[in-house]
Amino acid sequence: MSATGDGGPPARAKPSVGDVDVGDATTRYLLYGLLPSWFVPGVADWVMHRRTRIEETAGTKESLIHSLMMAEVGIPIALTLRYEVNPLLLSVQLGGAAVHEATALWDVRTAVESEREVKPLEQHIHSFLESLPFGALASLMCLHADQVKSLLRGGRGDPDAWRLVPRRRPLSRGYLAGIAAAIGTCVLLPYGEELLRCVRTSRGNRKKDENARSDAARWSAARSGKGR
């Protein structure tokens, strides 16, 4: 006799909180929550740079630092989306997070020394951009505690510890395409515009300085000629 009492298949119990796979839930949080939300403070930070006219203060130097920071975060993310988490990938992620933090300090110092006003709102945005990599990394390390242990042992006994291994369950092409589109729209496009704006302003300022020096030289030569 089935649980339904009619000879049919037994009724399937609804999943309870205790039936939720924490690993799957954390993975979904990383893929569909934390990673997409990363783009929001990134765009907000670009808006703050534009409002404070970065091209007229810190200029190209600070904009290039921003590009460096994006590479320090972007490369580990790209590798994580395509390859299995192992000691090699964890080392890349930890190294990227550490270097990103050091570059963030360099970035703020460069802005302050250039007299670009870093407003409290921009500082608050920076707190998100700095904390999100550590939050993602902590979640990932909890998901792959065995690989953390392997890293601490130097990968001994694991022939795949120090090579990139393609994901056993590849992410869908649709998801990867969506992330790539978001990166292009929210990262490459605005920060590429920022760098281009800074380069153009820098060239314009150099041209003005050259013209001013040329005018000063002509004026000095003219005065010298009159004094003879």
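Is Y32 buried or exposed? Select Y32 and keep that question in mind while we look around. You have a predicted model open, so treat each stop as a feature of a prediction.

**The whole chain**

Start with a cartoon view. The protein chain holds seven helices and zero strands, and along the sequence its pattern reads α-α-α-α-α-α-α. Now colour by accessibility: of the 228 residues in the protein chain, 32% are buried.

**Stop 1: Y32 and Y175**

Back to Y32. With a relative accessibility of 56%, Y32 counts as exposed, because the cut-off for that class is over 50%. Next, add Y175 to the selection. Y175 has a relative accessibility of 11% and therefore counts as buried, the limit being under 20%.

Show both rings as sticks. A pair of aromatic rings is described by the distance of the centres and the angle of the planes. The structure has one aromatic pair. Y32 and Y175 form an edge-to-face pair, with 5.2 Å from centre to centre and 75° between the planes. This pair links distant parts of the chain: Y32 sits in helix α1 (residues 22-37) and Y175 in helix α7 (residues 173-226), 143 residues apart.

**Stop 2: helix α3**

Select residues 59-82, which make up helix α3. Try a distance between the C-alpha atoms at its two ends: they are 35 Å apart. How does that compare with the span that 24 residues should have at 1.5 Å a residue? The expected value is 34 Å, so the two agree.

Now highlight the buried residues of α3: G59, E62, S63, I65, H66, M69, E72, V73, P76, L79, T80 and L81. As you look down the helix, remember that an α-helix has 3.6 residues a turn, so residues three or four places apart point the same way.

**Stop 3: E194**

Keep S63 in view, and add E194, which lies in helix α7. The side chains of E194 and S63 make a polar contact at 3.1 Å. Which side chain of opposite charge is nearest to E194? Select R197, at 4.9 Å. A salt bridge needs a separation within 4 Å, so E194 is buried yet has none.

**Stop 4: two cysteines**

Finally, select C186 and C198. C186 is partly exposed, at 21% relative accessibility, whereas C198 is buried, at 0%. How many disulfides does a search of the whole structure find? The search turns up zero.

Conventions: Residues numbered from 1 in each chain as written. Predicted model: local features only at pLDDT ≥ 70, side-chain atom pairs only at ≥ 80, totals over all residues. Heavy atoms only, no water. Phe/Tyr/Trp six-rings, centres within 6.5 Å; stacked < 30°, edge-to-face > 60°. Helix = DSSP H or I, 4+ residues; strand = E, 2+ residues; numbered from the N terminus. Buried < 20%, exposed > 50% of the residue type's maximum accessible area, 1.4 Å probe, protein only. Expected span 1.5 Å × (residues − 1). Disulfide = S-S within 2.5 Å. Lys, Arg positive; Asp, Glu negative; His and termini not counted. Polar contact = N/O pair within 3.5 Å; in protein donor to acceptor, adjacent residues only side chain to side chain.
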